[in-house]
Amino acid sequence: MSHTIHGDGAIRRTSLYGSSIENTYGGVLSFMRRNYTRDLTGVDVAISGIPFDLAVTFRPGARLGPAAVRAASVQLAELKPFPWGFDPFDDLAVIDYGDCWFDAHNPLTIKDSIIEHARTILASGARMLTFGGDHYVTYPLLIAHAEKFGKPLSIIHFDAHCDTWPDDSPDSLNHGTMFYKAVKDGLIDPKTSVQVGLRTWNDDFMGINRLDAPWVHDNGAEAAIARIKEIVGDTPTYLTFDIDCLDPAFAPGTGTPVPGGLTTAQALKIVRNLSDVNLVGMDVVEVSPPFDQSEITALAAAHIACDLLCLLRNRKLAGKL
């Protein structure tokens, strides 16, 4: 930028790079004040929301999640992110693409709408960071990513739930069956995939490696980081973070809270040490603002998303993006 922009950089900034000076309590609420645009020219990462929660099995409200995560990102846009000490937008071209549009009154069209939304972004060469919405949205996102980067992908899946309960209906909308379908469809390779933070039971985990919450508590974040890297290696990997991976004390604003989860500190430490992972796509899902308290769930989601962008910034500088 040739000059410093004071206020509303999301709609006034002409460059894809750099940050603006904002009042944290005002202005256009794109994620971290990134340019609001549908122009994908030269974009490294396109952030978008999928305000969908028709697949929940308990509490609704995740359709309001993308807006809440954007609003919670205002302080992150004010300073260099901790502990990175750099402005990722000096080097990484990131936009806020807005939200995926779908017809909520014709539910059977929604999966295809999400797939087409993702295809449009991925065809440009940009990577995606997506905010849910409930966790079902990861399934159509995986379909589009597997088309782009090849089957099967690996996944790093942070969650209280394995989401591999059986479901052989191609048209069902269920946020607990996506990875059953993804394994069956050949979208993901269970041998090179890992689930972190689980604390619910399923008789069949579909062969996916698991670092459940007690394992993380007993062995620590460092061991989890090492094991995740060992499992996924350098394979093209999709990272999905269901905010209910965190204990309800740290993320009350979610649809299916389960006690005994990870702390925010544990999760952030793990995510921040995944620079070696070949991330081809990412999402943060299941933030439900009606059940949140003082925005602590949305704040956790925004920080996780910021750290994911910092990982991609480092990979770009290393020539690996």
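## Salt bridges around a parallel sheet

At 33% relative accessibility, Arg119 counts as partly exposed, because that value falls between the 20% limit for buried and the 50% limit for exposed residues. This is a predicted model, and Arg119 is a handy place to start looking around it.

**A first salt bridge**

The side chain of Arg119 meets that of Glu147 in a salt bridge, with N and O 2.6 Å apart. Arg119 belongs to helix α3 and Glu147 to helix α4 (residues 138–149), so this pair ties together parts that are 28 residues apart in sequence. Glu147 is also partly exposed, at 46% relative accessible area.

**The sheet and its helices**

Helix α3 (residues 110–123) lies across three strands, β2 (45–50), β3 (94–99) and β4 (127–132), and runs at about 150 degrees to β4. These strands are part of an open sheet of nine, ordered β1-β3-β2-β4-β9-β8-β5-β6-β7, with parallel pairing. At its edges stand β1 (35–36) and β7 (209–211); each has a single partner strand, so one side of each is left without a neighbour in the sheet.

Further along the sheet, β5 (residues 154–158) and β8 (residues 237–242) run parallel and are joined by five bridges. If you would like a spot to find this pairing on screen, Ser154 stands opposite Thr237 in β8. Helix α7 (residues 221–232) lies across β5, β6 (194–196), β7 and β8, and its angle to β7 is about 170 degrees.

**Salt bridges of helix α7**

Helix α7 brings us back to charged pairs. Glu222 and Lys269 meet through their side chains in a salt bridge of 3.2 Å, N to O. Since Glu222 sits in helix α7 and Lys269 in helix α8 (residues 264–272), the pair ties together parts that are 47 residues apart in sequence. Another salt bridge joins Glu230 and Arg227, whose closest N and O atoms are 3.0 Å apart. Both of these residues lie in helix α7, three residues apart, which is about one turn of the helix.

Here is how accessible the residues of these two pairs are:

| Residue | Relative accessible area | Class |
|---|---|---|
| Glu222 | 52% | exposed |
| Lys269 | 36% | partly exposed |
| Glu230 | 58% | exposed |
| Arg227 | 29% | partly exposed |

**The wider picture**

How many salt bridges does a search of the whole structure find? The total is 13. Elsewhere in the model, Arg70, Asp96 and Asp99 are linked in a network of salt bridges.

Definitions and conventions: Residues are numbered from 1 along each chain as its sequence is written. This is a predicted model: local features need pLDDT of at least 70, side-chain atom pairs count only at pLDDT 80 or more; totals for chains, interfaces and linings use all residues. Side-chain values use heavy atoms; hydrogens and water are left out. Two strands pair if DSSP finds at least two bridges between them. Helices (H or I, at least four residues) and strands (E, at least two) are DSSP runs, numbered from the N terminus. Contact means heavy atoms within 4.5 Å. Axes are lines fitted to C-alpha atoms, for helices over the stretch in contact, and angles run from 0 to 180 degrees between N-to-C directions. A salt bridge is a side-chain nitrogen of Lys or Arg within 4 Å of a carboxyl oxygen of Asp or Glu. Buried means under 20% relative accessible area, exposed over 50%, partly exposed in between (1.4 Å probe, protein chains only).
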